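Please keep the sequence and the 3D view open side by side while reading. The paragraphs below go from one part of the chain to another, and each can be followed on the screen.

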Amino acid sequence: MTVEEDYSRQLGFKVELRYEGKARFLSPVLPDSKDFAPTSLPAFFNPASKLSRDIAVLFLKAYFENREITVCEPLAGTGIRSIRFILETDLVNYVLANDISRNAYQLIKINAKLNNVEDKLEASNLDANELLAARGRGRPRFDYVDIDPAGSPAKYMENGFRGCGKNSVLGATATDLSALTGAKPFSCLRKYDSYSVKTPFLKEVSIRILAGFAVRTAARIGLAAEPVFTFLKSYYTRVFVKVSPGIDKAKKLLREIGWISYCPRCLAIYVYRISDTPVSICKSCLSTIQTAGPLWLGRLCNEEIIKKMLYYASREHEIYGEAVNLLEQLLEEDTSIIGYYPVNTVSSILKERPVKPNDVIQELRERGYKATPTHLDPSAFKTNAPPEIIMEVFRHLARK
């Protein structure tokens, strides 16, 4: 009898042995169809989230360098993320891997045994919010809390912060991009207390809404949550925030919360702090415009963290190759600039042929403006140049 057959008999559902990073683990047998729903499995596992797990490992290595840490994964599924934290960071001395599913709980214990990390991993079978809310009541908090649900992390965020210790980090994933990118604005309002609208830079809006929600949620319970690393890939967006106590620190971060308005006629982007009143008419062309927010207006990534993550990823390219590509893109991107412009959007407005985004970036830089690519759209560019300069440059390049 094979290992898979033996454990399938014990668990009551079929499992298969898989490998990821430096770990081997059992997961439910996946359907042949690539578009299956991971939530339909006896225990949650999504193979498409490998990059998300790679990035989380690299973030911990970069952010907590030379420091022993404790970790909580309240929605752990098979436990593969927690196991990889132990095996690949050399920093984690204790992980609490929890899942409300009894099947997942059993798999976590089995997978910990398969990887010889039982001495550092404790499995738990509680509701995620129940587990996190109990922290601080005579129970130690964690250096890192990783919230990775199917759908929105919103209902776990406040208790996630309650589980965070002093000078810790919370990582959160959102897969409900239809709400965050403007397709379902009232779903976004319900979950994140923010209104999303469709813009050419809707992926960035989604990141800023999630980051802003994290900042505002932490502030409600007297914590400061500063976004230090964010990205969006495929079907999900991911935000890591540095957590520290202090109402004054929280208030300072709240000054970076605000609104973004966009004019689809003349490309104008308007940014307002939370205490300002957004306009509904474009100042340049008098078109009616819509506003997204509240959301985070500050920088989305810390460059030094990206460099450290890239250093660690490059040393083990066979494991983190996809992460290397993403991190190199993020290193090129200036996330202090709000919004981006896909060349097809500009082309459509100006009735000109599309031009290469790199040509636009180079021309804008030669004219003294900031301009970078973005990992969110390879056909787009970010810049602090005003709309009239963008259009002038675009016409110039299109007519060459």
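**Helix pairs, sheets and single residues**

Helix 2 (residues 50–63) and helix 3 (residues 80–89) pack at an angle of about 40°, and their axes are 10 Å apart. The model is a predicted one, and these values, like those that follow, are to be read with that in mind. Two packed helices are described by the angle between their axes and the distance between the axes. At this angle helix 2 and helix 3 are oblique to each other, and their crossing is right-handed. On the side of helix 2 the contact involves K50, S52, R53, D54, A56, V57, L60 and K61, which meet I80, R81, R84, F85, E88 and T89 of helix 3. Sorted by class, the residues of this contact are five nonpolar, two polar and seven charged.

A second helix pair is found further along the chain. The axes of helix 8 (residues 185–192) and helix 9 (residues 202–220) come within 11 Å and cross at roughly 25°, which makes helix 8 roughly parallel to helix 9, since angles under 35 degrees count as roughly parallel. The crossing of helix 8 and helix 9 is right-handed. Helix 8 contributes C188, K191 and Y192 to the contact, and helix 9 contributes I209, L210, F213 and R216; five of these residues are nonpolar, none is polar and two are charged.

The loop between helix 8 and helix 9 holds D193, a residue other than glycine whose phi is nevertheless positive, near 55°. Most residues other than glycine have a negative phi, and most peptide bonds are trans. With a relative accessibility of 48%, D193 counts as partly exposed.

Helix 9 also leads to a sheet, for it lies across strand 10 and strand 12 and runs at about 45° to strand 12. The sheet is an open one of three strands in the order 11-10-12, with antiparallel pairing. Strand 11 and strand 12 stand at its edges, each with a single partner strand, so one side of each has no neighbour in the sheet. On average, and with direction ignored, neighbouring strands of this sheet are turned by 25° against each other. Strand 10 (residues 257–262) is joined to strand 11 by five bridges, and the two run antiparallel; within this pairing, S261 has Y270 of strand 11 as its bridge partner.

Two backbone features belong to this part of the chain. In the loop between strand 11 (269–273) and strand 12 lies L286, which has a positive phi of about 65° although it is not a glycine. L286 is exposed, with a relative accessible area of 65%, a value that falls in this class because exposed means over 50%. In strand 12 (residues 290–296) one finds P294, and the peptide bond that leads from G293 to P294 is cis, with omega near 0°.

Towards the start of the chain, strand 1 (residues 15–20) and strand 2 are joined by six bridges and run antiparallel, with Y19 standing opposite R24 in strand 2. The two strands form a hairpin with two residues between them, and G21 in the turn has a positive phi of about 60°. Five of the six residues of strand 2 (residues 23–28) are buried, so strand 2 is largely enclosed by the rest of the structure.

Another open sheet of three strands has the order 13-15-14, again with antiparallel pairing. Its edge strands are strand 13 (341–342) and strand 14 (371–372), each of which pairs on one side only. Strand 14 and strand 15 (residues 380–383) run antiparallel and are joined by two bridges, and A371 has T383 in strand 15 as its bridge partner.

Is V324, a residue of helix 12 (residues 317–332), buried or exposed? At a relative accessibility of 4%, V324 counts as buried, because buried means under 20% relative accessible area. When residues up to four places away in sequence are not counted, V324 touches L310, A313, S314 and H317. The C-alpha atoms of V324 and Y312 are separated by 9.3 Å, with the two residues 12 apart along the chain.

Note on methods: Residues are numbered from 1 along each chain as its sequence is written. This is a predicted model: local features need pLDDT of at least 70, side-chain atom pairs count only at pLDDT 80 or more; totals for chains, interfaces and linings use all residues. Side-chain values use heavy atoms; hydrogens and water are left out. Axes are lines fitted to C-alpha atoms, for helices over the stretch in contact, and angles run from 0 to 180 degrees between N-to-C directions. Helices (H or I, at least four residues) and strands (E, at least two) are DSSP runs, numbered from the N terminus. Angles under 35 degrees count as roughly parallel, over 145 as roughly antiparallel, 65 to 115 as roughly perpendicular and the rest as oblique. A crossing is left-handed if the near helix is turned anticlockwise from the far one by less than a right angle, and right-handed if clockwise. Contact means heavy atoms within 4.5 Å. Ala, Val, Leu, Ile, Met, Phe, Trp, Tyr, Cys and Pro count as nonpolar, Asp, Glu, Lys and Arg as charged, and the others, Gly among them, as polar. Two strands pair if DSSP finds at least two bridges between them. Buried means under 20% relative accessible area, exposed over 50%, partly exposed in between (1.4 Å probe, protein chains only).
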